[in-house]
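This briefing sets out the main architectural features of one protein chain for a reader working at the bench. Please view the sequence and the structure together while reading the points below.

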Amino acid sequence: RTPSSPELGNYKGDGAISYFYKKQGEADTEYKSVTEADFNTIVVGKYTLKASVAEGTNYNAATAESDFAVTKQPITVSVSMDGWTYGEEAKTPSVTVKAEDSDITSSYEKSQIIYTYYTDSECKNEVVPKNAGTYYVKAEVEATDNYSDGSAVVEFIIAKKAVTATVTADNKTYDGTTNTTV
């Protein structure tokens with residue numbers, strides 16, 4: 001998420017500005033000091049912001065309050081999966097999770113990403129892929145305190161294994177029959 005900095009309307013004075021925030025509904029004694037640079041560290045929730053302007057050359061001191069909410073940031077999930085040939089060791093999917101342009105994949109535990117395999121792109125027919133054919137893997141990423149959930153699907157193929165056939169035949173002198181040993 002990229003929170004915006006608070007604005008004090010058209011204030012042009014020279015008095016120092018201090019910001020404080022608390023969860024909505026908490027007592028005023030719960031206000032915590034925050035700088036504009038720290039706004040992106042506030043976790044998901046509903047808050048009240050208080051801006052205090054110190055007395056300046058031409059303005060009296062003033063305080064203003066405003067409610068605001070920090071919501072979960074949407075994520076974009078992408079998944080890739082290399083195919084393999086029947087009989088080879090199965091490959092594993094790879095997932096990338098982004099919030100805006102930031103790669104946040106490393107902030108997830110493996111247990112927070114669930115992989116499910118299907119025979120159809122609509123992800124209705126769940127299967128354990130083992131035979132040659134076309135399959136789909138769906139990666140589902142759980143919501144966290146600050147990020148929403150998300151998912152992605154990608155196709156992969158288990159290719160048919162090539163068979164190498166050999167045949168040998170014994171040499172034979174023609175004896176008027178069509179019999180031979182193969």
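The following points describe a predicted model, grouped by sheets, cores and individual residues.

Two sheets are described first. One is an open sheet of 4 strands in the order β2-β1-β3-β4, with antiparallel pairing. The other is an open sheet of 4 strands in the order β6-β11-β10-β9, with mixed pairing.

**The antiparallel sheet**

- The edges of the β2-β1-β3-β4 sheet are formed by β2 (32-34) and β4, each of which pairs on one side only.
- Neighbouring strands of this sheet are turned against each other by 30 degrees on average, direction ignored.
- Strand β1 (residues 17-23) and strand β3 (residues 45-53) run antiparallel and are joined by 7 bridges.
- Within this pairing, Phe-20 has Lys-50 of β3 as its bridge partner, and Ser-18 stands opposite Ser-52, also in β3.
- Strand β3 also pairs with strand β4 (residues 62-70), in the antiparallel sense and over 9 bridges.
- Across that pairing, Lys-46 stands opposite Ala-69 in β4.

**The mixed sheet**

- In the β6-β11-β10-β9 sheet, the edge strands are β6 (84-85) and β9 (113-118), and each pairs on one side only.
- The pairing of β9 with β10 is antiparallel and comprises 6 bridges.
- Tyr-117 has Val-137 in β10 as its bridge partner.

**Nonpolar cores**

- The largest nonpolar core contains 18 residues, and those with the most contacts inside it are Ile-75, Val-77, Val-97, Ile-104, Tyr-108, Val-141 and Phe-156.
- Two or more residues of this core come from each of β5 (76-80), β7 (94-99), β10 (133-141) and β11 (150-159).
- Strand β10 supplies the largest share of this core, with 4 residues.
- Another core lies apart from the largest one; this other core has 9 residues, among them Tyr-19, Tyr-21, Tyr-47 and Ala-51.
- As general background, nonpolar side chains in soluble globular proteins tend to be buried together.

**Ile-75 and Ser-148**

- Not counting residues up to four places away in sequence, Ile-75 touches Val-97, Lys-98, Ile-104, Tyr-108, Val-141, Tyr-147, Ser-148, Asp-149 and Gly-150.
- Ser-148, one of these contacts of Ile-75, is located in the loop between β10 and β11.
- A polar atom of the Ser-148 side chain lies 3.5 Å from the backbone nitrogen of Ile-75.
- Leaving aside neighbours within four places in sequence, Ser-148 is in contact with Lys-72, Gln-73, Pro-74, Ile-75, Tyr-108, Glu-142 and Ala-143.

**The segment after β11**

- Ala-169 is found in the segment that follows β11.
- Because exposure is assigned over 50% relative accessible area, Ala-169 counts as exposed at its relative accessibility of 56%.
- Ala-169 and Thr-180 are 11 residues apart along the chain, and their C-alpha atoms are separated by 7.6 Å.

Notes: Residues are numbered from 1 along each chain as its sequence is written. This is a predicted model: local features need pLDDT of at least 70, side-chain atom pairs count only at pLDDT 80 or more; totals for chains, interfaces and linings use all residues. Side-chain values use heavy atoms; hydrogens and water are left out. A nonpolar core is a set of buried Ala, Val, Leu, Ile, Met, Phe, Trp, Tyr and Cys residues joined through side-chain atoms within 4.5 Å. Buried means under 20% relative accessible area, exposed over 50%, partly exposed in between (1.4 Å probe, protein chains only). Contact means heavy atoms within 4.5 Å. Two strands pair if DSSP finds at least two bridges between them. A polar contact is a pair of N or O atoms within 3.5 Å; within protein, one must be able to donate a hydrogen and the other to accept it, and residues adjacent in sequence count only if both atoms are side-chain atoms. Axes are lines fitted to C-alpha atoms, for helices over the stretch in contact, and angles run from 0 to 180 degrees between N-to-C directions.
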